[in-house]
Amino acid sequence: MALPVFVLWNEESTSHLVVGRGRTEGTKKRSPGRSRLVRDVAKAMTKVMGAGWTELTVPPDLAGALPVVLAAAQSPDPRAPLSLEQEVLSYGIACLFPRWNKFARVRTQSTKLVRKWFHLGGAAFAVRTLSRAVNLRYAGSWQMTADQTLNLKAGSAFEAAPLNATDIDHHKRDSPAHALAFRTLRELLANATDTEYAEAVAAGEVARETASLTLRAWLTFAMPTQSAWAARDAADMLKRDPVPPTYVLLMDAVPDVHQGVLMHSRQQRPHHQALNALLSHHGEEAAPALLALAKQAGADKQHLMYWWTLDALAQLPTPEVAAFLVEAYAAGEKQEHERIAHLFEAAPEVALPALQSRVGDHPTLQAPLTALLRANPALDTDAAPLSREEALPPLLRTPPSGKPPPAKDWELGRLPQLRLVGSDSVLSPEAMMTLGHALHASKGERSAALDAALQAIEPADRVALADTLWKVWSEGHSHWVIFLSARKWLGLAQGLLGNDAVAERIATEVGAWSGRRYNQGKACLVALQTIGTDGALRQVHVLSKTAKSKGIRKSATQALQAAAARRSVSVDALIAGWSAP
């Protein structure tokens with residue numbers, strides 16, 4: 001069974017991290033060849049090496065290993081045994097050296113190093129080496145030159161010396177390398193044999209005896225089955241104020257859900273996905289603690305904490321959670337609505353009773369209730385009958401094909417019900433999705449099959465659908481997404497669905513648009529030409545004279561000339577032939 005995934009945020013990037021111990025689907029992954037692993041690491045180190053490396057000063061424990069490491073990068077030997085000292089220096093050179101900012105991809109080489117250690121030295125060697133490597137830091141500012149000193153707190157015997165118990169305060173530049181390294185170690189251990197995993201746990205136990213709290217958290221993250229580690233680390237984190245942001249590493253391993261929620265509640269800037277990690281381990285058992293956190297955060301007006309908790313609660317389809325989220329929806333605004341709507345979509349049978357019981361006291365709940373019933377007609381005892389398949393036009397009988405419309409553009413819950421001409425029956429959700437695919441794929445161009453399908457729908461319902469799609473499109477005008485060509489289909493669909501009333505509404509709004517919305521204006525002019533009636537062409541003429549944007553006025557004039565050419569008349573004759581408004 002494939003392992004679930006959650007997102008861990010660090011200062012510079014998000015990393016997708018596999019949750020849980022166990023093997024992924026299929027057999028154990030085959031390890032890369034020894035020569036390839038050695039060559040990949042040597043190539044990464046050579047990439048950052050340059051003048052000044054021979055002057056690099058390192059602690060006495062590592063001084064003898066540095067020349068060997070540099071030589072190995074120039075002439076890699078796949079048969080050479082691994083040395084912990086040399087591999088730790090390799091990590092520092094390839095991933096942490098201050099010149100890395102000239103080679104942004106160098107930090108990703110930590111994954112190659114960890115794979116080399118795991119496949120060539122074993123799971124325990126990888127744990128020991130990485131534990132030492134993250135203690136390797138640079139003294140002074142991150143802008144140092146190549147002759148600065150590597151600083152490692154260690155005794156006379158490098159491998160036997162205790163780790164630095166002082167918390168590792170990594171600069172932003174180090175965090176991506178460490179996150180990728182421990183993520184890779186976790187993935188490798190998830191596919192390791194039981195013997196390999198036990199060896200890694202034993203090595204982790206030794207490292208944790210003298211490790212800093214930060215390193216302990218990373219080791220717990222790499223081996224999330226060690227719930228005792230997580231409980232001990234969480235208890236130590238709760239002694240600090242504020243709780244260190246590395247608490248997120250423990251969230252899918254901590255055995256006490258209240259301990260995890262408490263760590264999260266004491267964050268000044270909580271991690272967005274931390275509660276998702278907690279849910280992956282505890283599931284619905286986390287509901288009471290999360291409900292208490294949401295109530296407290298809402299009362300204290302801790303907006304981020306409140307929103308992230310709503311996101312987590314929306315994944316728990318229980319009656320108690322549904323009742324709370326419905327009340328929160330009624331009292332909330334757009335931010336709350338968007339988060340809580342996930343529960344309405346994912347578990348409509350749980351959300352429906354809560355919505356129906358409170359809609360009388362809170363009229364704002366009528367919209368989500370209507371949307372839920374539209375998207376799930378089987379739950380609506382008063383729903384209009386669905387059209388029989390044999391009564392549908394041919395286009396709507398076939399399963400949808402091609403690229404679907406964006407989910408936010410074609411939400412069944414927001415769309416009006418579409419009745420067939422001369423019938424009280426409405427299109428089924430399947431037929432509605434097929435219609436959405438067809439409109440999206442048409443790019444505003446007519447076809448016999450699509451025209452037949454649209455003519456089978458009541459004209460008033462077609463206009464209502466056009467108005468709804470225009471509203472969906474207009475909601476994006478204040479955001480950068482309106483400029484994406486992928487959403488232009490909403491404007492072009494107006495021509496396939498609209499009539500003279502739709503044309504007048506289009507002209508009224510487009511006439512006030514500025515030049516920055518020229519591309520959207522052109523799409524609307526295409527829609528007016530697609531409607532093609534005298535009333536629609538009259539609106540094109542109006543735009544050619546009165547539109548605020550010079551570009552839209554020019555395009556409208558060209559569209560009017562093209563329409564006259566299609567009718568084989570002059571523009572003046574076309575205008576003179578229209579009946580008076």
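## A buried salt bridge between two loops

In this predicted model, the side chains of Asp409 and Arg487 join in a salt bridge, with N and O 2.8 Å apart. The two residues are 78 apart in the chain: Asp409 sits in the loop between helices H19 (394–397) and H20 (429–442), and Arg487 in the loop between helices H22 (459–475) and H23 (489–497). Both Asp409 and Arg487 are buried.

## Salt bridges between helices

A search of the whole structure turns up 17 salt bridges. One of the helix-to-helix pairs is Arg505 with Asp467, whose closest N and O atoms are 2.5 Å apart. Arg505 belongs to helix H24 (residues 500–510) and Asp467 to helix H22, so this pair ties together parts 38 residues apart in sequence. Arg505 is buried at 18% relative accessible area, while Asp467 is partly exposed at 35%.

Arg216 and Asp233 also meet through their side chains, at 2.9 Å from N to O. Here Arg216 lies in helix H9 (residues 213–222) and Asp233 in helix H10 (residues 227–238), 17 residues apart. Asp233 has a relative accessible area of 0%, and Arg216, at 13%, is buried too. Both take part in a salt-bridge network with Arg208, Asp236 and Lys239.

## Where H17 meets H18

Now to a helix pair: the axes of H17 (residues 348–358) and H18 (residues 366–375) come within 10 Å and cross at roughly 145 degrees. The crossing is left-handed. From H17, Pro348, Ala351, Leu352, Leu355 and Gln356 touch Pro368, Leu369, Leu372 and Leu373 of H18. Eight of these contact residues are nonpolar, one is polar and none is charged.

Notes
Residues are numbered from 1 along each chain as its sequence is written. This is a predicted model: local features need pLDDT of at least 70, side-chain atom pairs count only at pLDDT 80 or more; totals for chains, interfaces and linings use all residues. Side-chain values use heavy atoms; hydrogens and water are left out. Axes are lines fitted to C-alpha atoms, for helices over the stretch in contact, and angles run from 0 to 180 degrees between N-to-C directions. Helices (H or I, at least four residues) and strands (E, at least two) are DSSP runs, numbered from the N terminus. A crossing is left-handed if the near helix is turned anticlockwise from the far one by less than a right angle, and right-handed if clockwise. Contact means heavy atoms within 4.5 Å. Ala, Val, Leu, Ile, Met, Phe, Trp, Tyr, Cys and Pro count as nonpolar, Asp, Glu, Lys and Arg as charged, and the others, Gly among them, as polar. A salt bridge is a side-chain nitrogen of Lys or Arg within 4 Å of a carboxyl oxygen of Asp or Glu. Buried means under 20% relative accessible area, exposed over 50%, partly exposed in between (1.4 Å probe, protein chains only).
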